[in-house]
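Good morning. I have a few minutes on one structure, so please look at the screen and follow along as I go from one part to the next.

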Amino acid sequence: MSDTPDTGTRVMWMRGGTSKGGFFLAEDLPADPAARDALLLRIMGSPDSRQIDGMGGANPLTSKVAVVKKSERPGVDVDYLFLQVFVDKALVSDAQNCGNMLAAVGPFAIERGLKRSQSVSTKTRIYMENTGQVAEATVSTPGGVVSYSGDTHIDGVPGTAAPIPLVFEDIAGSSCGALLPTGNAVDRLCGVGVTLIDNGMPCVILDAADFGLSGYEGPLELEENAALRARLEEIRLAAGPLMNLGDVAKSSVPKMTLVSPPQRNGIISTRSFIPHRCHDAIGVLAAVTVASACLLPEGPAARHAAATSGSERLISVEHPTGEFTVIAHLDEAGHPVRAGVMRTARKLMDGVVF
């Protein structure tokens, strides 16, 4: 194990979906969480808004870490721990999952020999340590070798790459204990009607109109709205205990998602705060959670969502740089039981970081 800055630490830098960061074997990091986090802060260059003395890209979407190891769980190939390294704070959080980084876990596991590849494609079952759920990723492996080249485009990423379908099962209440932790489709917090929901990512769904917004403003405009950010944080802090998350002042969850009617033939339009920066797109599991909110009988998302029907529904979630399609599978009662999404990934660098 390389656990000091002077000797360096083995890492593969990868893009997963619309995020990127360092992928480490668990054995290559200190076993002690405090020592591990201190090392990761140094590697990313945090706390510093520019992360000038590290590998981070001065944005939460590019200051992420995946820690992977071979799993001892039956029917599972690898265990994946996601860590969000804050940019301007000396803080590393395991309070949430990341479905974008998840897209690169399968390729990384095959590259590092944790999973034996098959010809044509390889299914990798991944245990998500943050939430205790399992996802299955299908990786393109022609000739038994990971291929990152392909014709699949996802909004928020230039060009095309090999498709990586991800399937999630039993993720309702992954962090909060239930899809609707309060049992309500609508709760009133700080004078605003909201939906508190967790189908893989704890989210607070809010109607953009309640804040005097169209919901189509750009991320930078929303970030520069100090009054809006203060109001969202007030609601987020109030939501934490109600969502069984406790005091979330120093946590990266819940995410705050403003919704409005769709603009571009989707089902709903979103602006997602993660939780203080406005996402240029939307996270994988946040999109799954928003899609689930669209299926509720009432609430901000249900109010604006275009109608859908059937036991399998394609729910196009619009975001600032395009759209994200979630395939929701419903049971006879109309409750979401499984969700599928399409992502891509790319290996950017393999080496040693100091």
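Glutamate 233 is buried, and arginine 236 is buried too. This is a predicted model, so please keep that in mind throughout. Those two residues form a salt bridge, with 2.9 Å between the closest N and O atoms. Both belong to helix α4, where they sit 3 residues apart, about one turn of the helix. For the first-years: an α-helix has 3.6 residues a turn, so residues three or four places apart point the same way.

Helix α4 covers residues 226-242, and it also holds arginine 231 and glutamate 234, again 3 residues apart. That pair forms a salt bridge as well, and the closest N and O atoms are 2.9 Å apart. Are these two residues buried or exposed? Arginine 231 has a relative accessibility of 28%, so it counts as partly exposed. Glutamate 234 is also partly exposed, because its relative accessible area is 41%.

How many salt bridges does the structure hold? The count is 12. One of them joins lysine 115 to aspartate 77, with the closest N and O atoms 3.3 Å apart. Here the partners come from distant parts of the chain, 38 residues apart: lysine 115 is in the loop between α2 and β6, and aspartate 77 is in the loop between β3 and β4. Both lysine 115 and aspartate 77 are buried.

Now the strands. Strands β4 and β6 run parallel and are joined by 3 bridges. Valine 78, for instance, has isoleucine 126 in β6 as its bridge partner. On to β6 and β7, where 9 bridges join the two strands, and these run antiparallel. Threonine 122 has valine 139 in β7 as its bridge partner. The hairpin of β6 and β7 has 4 residues between the strands, and glycine 132 takes a positive phi there, near 75°.

Next, the rings. How many aromatic pairs are there? The count comes to 1 aromatic pair. Phenylalanine 23 and phenylalanine 108 form a tilted pair, 5.7 Å from centre to centre, with 50° between the planes. Phenylalanine 23 is in strand β2 and phenylalanine 108 is in helix α2, so the pair ties together parts that are 85 residues apart in sequence. Both of these phenylalanines, 23 and 108, are buried. There is also a charge over a ring: the charged end of arginine 73 sits over the ring of tyrosine 127, 3.6 Å from its centre.

Last, helix α1. This helix runs over residues 33-44, and at 1.5 Å a residue its 12 residues should span 16 Å; the end C-alpha atoms are 16 Å apart, so the two agree. Which residues of α1 are buried? They are Arg36, Asp37, Leu39, Leu40, Leu41, Ile43 and Met44. What covers them includes strands β1, β2, β3, β4, β5 and β17. Just after α1 comes glycine 45, which takes a positive phi of about 85°.

To recap two points: the aromatic pair ties strand β2 to helix α2, and the salt bridge of lysine 115 and aspartate 77 links distant parts of the chain. That is all from me.

Methods. Residues numbered from 1 in each chain as written. Predicted model: local features only at pLDDT ≥ 70, side-chain atom pairs only at ≥ 80, totals over all residues. Heavy atoms only, no water. Expected span 1.5 Å × (residues − 1). Buried < 20%, exposed > 50% of the residue type's maximum accessible area, 1.4 Å probe, protein only. Contact = heavy atoms within 4.5 Å. Salt bridge = Lys/Arg side-chain N within 4 Å of Asp/Glu carboxyl O. Pairing = 2+ DSSP bridges. Phe/Tyr/Trp six-rings, centres within 6.5 Å; stacked < 30°, edge-to-face > 60°. Lys NZ or Arg CZ within 6 Å of the ring centre and 35° of its normal.
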